[in-house]
Amino acid sequence: MTAAAAMTIAPDAAAPRSGARLLISTLERLGVEVVFGYPGGAIMPVYDALTGSSLRHILVRHEQAAAFAADAYARRSGRVGVCLATSGPGATNLITGIANAMMDSIPVVCITGNVPQGVMGTDAFQEIDILGVTLPIVKHSILVRDQADVPAAIEEAFHIAASGRPGPVLVDLPKDVQVGTTTQDFGFPYPNAVATTDHDAIGRAAEAIRRAERPLIYVGGGVKIGRAVEELRAFAEATGIPSVSTLNALGTIPTDAPGALGMLGMHGTRGANEAVQEADLLIVFGARFDDRATGKLAEFAPQARVVHFDIDASEIGKLRRTEVAVAGELPAGIAALTDHLTPTPLKIDPWMMRCTARAARTAFRYDAPGDGVYAPALLKAISEAAGDDFVAACDVGQHQMWAAQHCRFARPEAHLTSGGLGAMGFGLPAGIGAKLADPDATVVVVAGDGGFMMNIQELATLRRYGIPVKVLLLDNSSLGLVRQWQELFFEQNYSEVDLSDNPDFVKVAEAFGVEAFRISRREEVQAGIARLLAADGPCLAHVIIDPRENVWPLVPPGKNNAEMMEGA
Amino acid sequence: MTADTLHLHIDRADGSLQRLIGLVERRGFHIDGLSLSEDGSGRRVEMAVRGRDAARCTQTLGRQIDKLFGVTRMPVPSHSAAFVPERVA
């Protein structure tokens, strides 16, 4: 470049730019590659500025799917997910997705347009106080009042979303801010907080572990989010302490690793739940004692003292008294704990043997009678066939619990599930987000017929972009988990759970331009799995399963985790 | 159940006060008293809070408030019954 050319460029760089263009430039500068969204009146300047940018915009068919896809993109990539929506209904359609990200601590930045500031508060067309509406379900939110503040607001949003305990941040951009111009350039980079490790507390934690006869690792989703997976695996391997996992933590320790007892809680394994009830020390990493995990809290792990590591100090002692609390970054904390314990092996062989023997004795069986498709066996088989590249993007319901119980997960990013919120409709958009984040993964959407219908329109997104997501649709023609509870706890009063008038899902998928086929009998399963996984593009397998099949074991509401019900 | 008084400083950003009040109520506390005054860099808030049941812990509430952006717990006057920020570990 010549000196003259450089001189002509410099004034251009300082030329006034609109808030919308600054937004796009800031997203590019932050390294964003993919955004999920849906245009509308109050976000049109942003969509205008999007043209010609380096950002890949994925046009979903409902804003909820944009939020779910951004969430899954973040879960799979470890980066901040981004979604865009217009004001009013566009913004309110994001809400379930925002809440989902909040409950599972996922870094998502949601950018909404809004009416011009001059008409805010006048009930203008498509005006909603989205900042006010979303206050309880965001980590933070920012209403940008001046176009010069756009870069700083976006950078702040990204920093807050991803730092500490991650979560969603909403940035609301009134239309006048989008169109107004400024010579303001980028904001200032946020310094990363320096993590400190409380070595005194870690020493006390190590002492407690050394004194314990029946220690148990309780792994939560915070380990994956806190990027402490390798440290945790090293700790478990070095100490030989058995582990249980929450729904959101499955795969953090590979589900087939020695000492991995499986998921605890309502639909947890007997091996995990009974170990928790017998343990004399719980070593909790990045978990929050969710009620689905603990059952009746007052009777949860009744013999155990608690050592709790978490980035979020407000989770420590919130629901369960903690003997040793270590608030801070997990990787450094866990590594230091391992260092304390490795010189001398723990004397817990009898406990480890007891746990693993019980887990083997009570392991799931797959020899269900009949020739119909047995969903647990199908899910186990597809996860094993897909191998270490397998990623399950689950919807919510019985199939979600079966996936958690029976799939093999080699890494925590392999299991994408709406854990805290339990939002039906998550599966398909989550599969889209995951596949775009990790094109080499074998992404399988595990859905039920109820949840699939909640975002079925996203088949159009699969088709539009040719995203080779595989959909495993387990159809029991009912809202299976609700039906199960009505059977068990409401005297078989099956109220509004029948979905036997479902559409022909194969024809529906084909109408969207997505390859589809049906599996009705057990003998078709292996070939069906092979066809689904081998498909070049998006593909849907519609699997007919027995509507009477239940998820077992089950800890009934109000009971402790040792009081599991088992099916026939 | 007795009330504790929170001494806080909040910024002027949209939603800051709403965010604080919403969190306190959502986490299971009654707000029995509230005063708001301006200071040079934002607003000072004194808020008397009382748990809805015995399981509500003001220490946990304090840590949850600490997670809000633009809200800071202030040193407590010596005559006050308020809780103070504490080290967790």
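Here are some notes on this predicted model, going from the domains of chain A to the sheet of chain B.

1. Start with how chain A is carved up. The assignment gives domain 1 (18-182), domain 2 (199-361) and domain 3 (375-544). If you want a feel for the layout, the centres of domain 2 and domain 3 of chain A, taken over C-alpha atoms, are 31 Å apart.

2. Those two domains do touch. On the domain 2 side of chain A, 14 residues are in contact with 12 residues of domain 3 of chain A. Sorted by class, the domain 2 side of that contact holds 6 nonpolar, 6 polar and 2 charged residues.

3. Next, a helix pair in chain A. Helix α17 (residues 375-386) and helix α18 (residues 398-406) of chain A have axes that come within 9 Å and cross at roughly 55°. An angle of that kind falls outside the parallel, antiparallel and perpendicular ranges, so α17(A) and α18(A) are oblique to each other. Their crossing is right-handed. From α17(A), the contact uses A:Ala375, A:Pro376, A:Leu379 and A:Lys380, while α18(A) brings A:His399, A:Trp402, A:Ala403, A:Gln405 and A:His406. By class, the residues of this contact come to 5 nonpolar, 3 polar and 1 charged.

4. Two backbone details in chain A deserve a look on screen. The peptide bond from A:Trp552 to A:Pro553 is cis, with omega near -5°. You'll find A:Pro553 in the segment after β20 (539-544) of chain A. The other detail is A:Phe289, whose phi is near 55°, a positive value in a residue other than glycine. A:Phe289 sits in the loop between β12 (281-285) and α14 (291-294) of chain A.

5. Now to where the chains meet. Chain A puts 18 residues in contact with 13 residues of chain B. Which elements of chain A each supply at least two residues of the side that touches chain B? They are α7 (130-133), β6 (140-143) and β14 (324-327). The class count on the chain A side is 11 nonpolar, 5 polar and 2 charged residues.

6. Chain B has an open sheet of 4 strands, in the order β2-β3-β1-β4, with antiparallel pairing. At the edges are β2 (29-39) and β4 of chain B, each pairing on one side only. From one strand to the next, the twist averages 30°.

7. Strand β1 (residues 4-10) of chain B is a handy one to trace, with partners on record here for both β3(B) and β4(B). With strand β3 (residues 42-51) of chain B, β1(B) pairs in the antiparallel sense over 7 bridges. Within that pairing, B:His7 has B:Glu46 as its bridge partner, and B:Thr5 stands opposite B:Ala48. Strand β4 (residues 71-73) of chain B also runs antiparallel to β1(B), joined by 3 bridges. There, B:Leu8 is partnered with B:Arg73.

8. Finally, look at the helices against that sheet. Helix α2 (residues 58-66) of chain B lies across β1, β2, β3 and β4 of chain B, and runs at about 140° to β4(B). So what about side chains on the strands underneath? As a rule, in a regular strand the side chains alternate between the two faces of the sheet.

How values were computed:
Residues are numbered from 1 along each chain as its sequence is written. Chains are lettered from A and ligands numbered from 1 in the order in which they are written. This is a predicted model: local features need pLDDT of at least 70, side-chain atom pairs count only at pLDDT 80 or more; totals for chains, interfaces and linings use all residues. Two strands pair if DSSP finds at least two bridges between them. Axes are lines fitted to C-alpha atoms, for helices over the stretch in contact, and angles run from 0 to 180 degrees between N-to-C directions. Angles under 35 degrees count as roughly parallel, over 145 as roughly antiparallel, 65 to 115 as roughly perpendicular and the rest as oblique. A crossing is left-handed if the near helix is turned anticlockwise from the far one by less than a right angle, and right-handed if clockwise. Two residues are in contact if their C-beta atoms, placed from the backbone, lie within 7 Å. Ala, Val, Leu, Ile, Met, Phe, Trp, Tyr, Cys and Pro count as nonpolar, Asp, Glu, Lys and Arg as charged, and the others, Gly among them, as polar. Domain bounds come from an automatic or database domain assignment.
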